[in-house]
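Got your viewer open? Load the model, switch on a cartoon view, and let's take a walk around it.

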Amino acid sequence: GAANADTFVPLPGGELTKTLSDGTVVTIRLVGESANISPSMGATPLHRNAWVSGSAQVELSGTAGGKIFPGYTVGCQVNIAGGG
């Protein structure tokens, strides 16, 4: 049977750099990401709970400013291994 224990998953993080139309260079990094996957609180075999943690960092060239709103999109029983 299942051990019903939490599973810690280190996530790879990432970095993306783009140059905006005004020449501003924006770099966004995801650092120290991880997930803790647990069995369902409702005790159903097909559900899981996931707690995710990490840090989102933004670097801008020049005097530009703005805001970011980091978050995750989570799918259940979806194979995203193809990077789609």
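Start with a definition: patches are made of residues with over 30% relative accessible area and no salt bridge, where like charges are joined within 9 Å and nonpolar side chains (Val, Leu, Ile, Met, Phe, Trp, Tyr) within 5 Å. Accessible areas come from the Shrake-Rupley method with a 1.4 Å probe, and for residues only the protein chains shown count as cover. A quick word on what you're looking at: this is a predicted model, so local features need pLDDT of at least 70, side-chain atom pairs count only at pLDDT 80 or more, and totals for chains, interfaces and linings use all residues. Residues are numbered from 1 along each chain as its sequence is written, and side-chain values use heavy atoms, with hydrogens and water left out.

**Stop one: a nonpolar patch**

Select Ile28, Val58, Leu60 and Ile68. Together they make a nonpolar surface patch of about 270 Å². Now click on isoleucine 68, in the segment after strand 4 (48-60); strands (E, at least two residues) and helices (H or I, at least four) are DSSP runs, numbered from the N terminus. Is isoleucine 68 buried, partly exposed or exposed? With a relative accessible area of 38%, isoleucine 68 is partly exposed, because buried means under 20%, exposed over 50%, and partly exposed in between (1.4 Å probe, protein chains only).

Next, pick phenylalanine 69, also found in the segment after strand 4. Phenylalanine 69 has a relative accessible area of 73%, so it counts as exposed. Add alanine 56 to the selection: it sits 13 residues from phenylalanine 69 in sequence and 9.0 Å away in space, C-alpha to C-alpha.

**Stop two: a hairpin**

Select residues 14-19, which make up strand 2. How many of its six residues are buried? The count is zero, so this strand is hardly covered. Now add residues 25-39: that's strand 3, and it pairs with strand 2 in the antiparallel sense over six bridges. (Two strands pair if DSSP finds at least two bridges between them.) Glycine 14 stands opposite leucine 30 in strand 3. The two strands form a hairpin with five residues between them, and glycine 23 in the turn has a positive phi of about 95 degrees.

**Stop three: threonine 27**

Stay in strand 3 and click threonine 27. Its relative accessibility is 7%, so threonine 27 counts as buried. Its side chain makes a polar contact with the side chain of threonine 17, at 3.1 Å. A polar contact is a pair of N or O atoms within 3.5 Å; within protein, one must be able to donate a hydrogen and the other to accept it, and residues adjacent in sequence count only if both atoms are side-chain atoms.

**Last stop: charged partners**

Side chains of opposite charge can pair when their charged atoms come close. Select glutamate 15 and arginine 29, whose side chains meet in a salt bridge (3.0 Å, N to O). That term means a side-chain nitrogen of Lys or Arg within 4 Å of a carboxyl oxygen of Asp or Glu. Now add glutamate 59: arginine 29 forms a salt bridge with it too, the closest N and O atoms being 3.4 Å apart. Shared partners join Glu15, Arg29 and Glu59 into one network.
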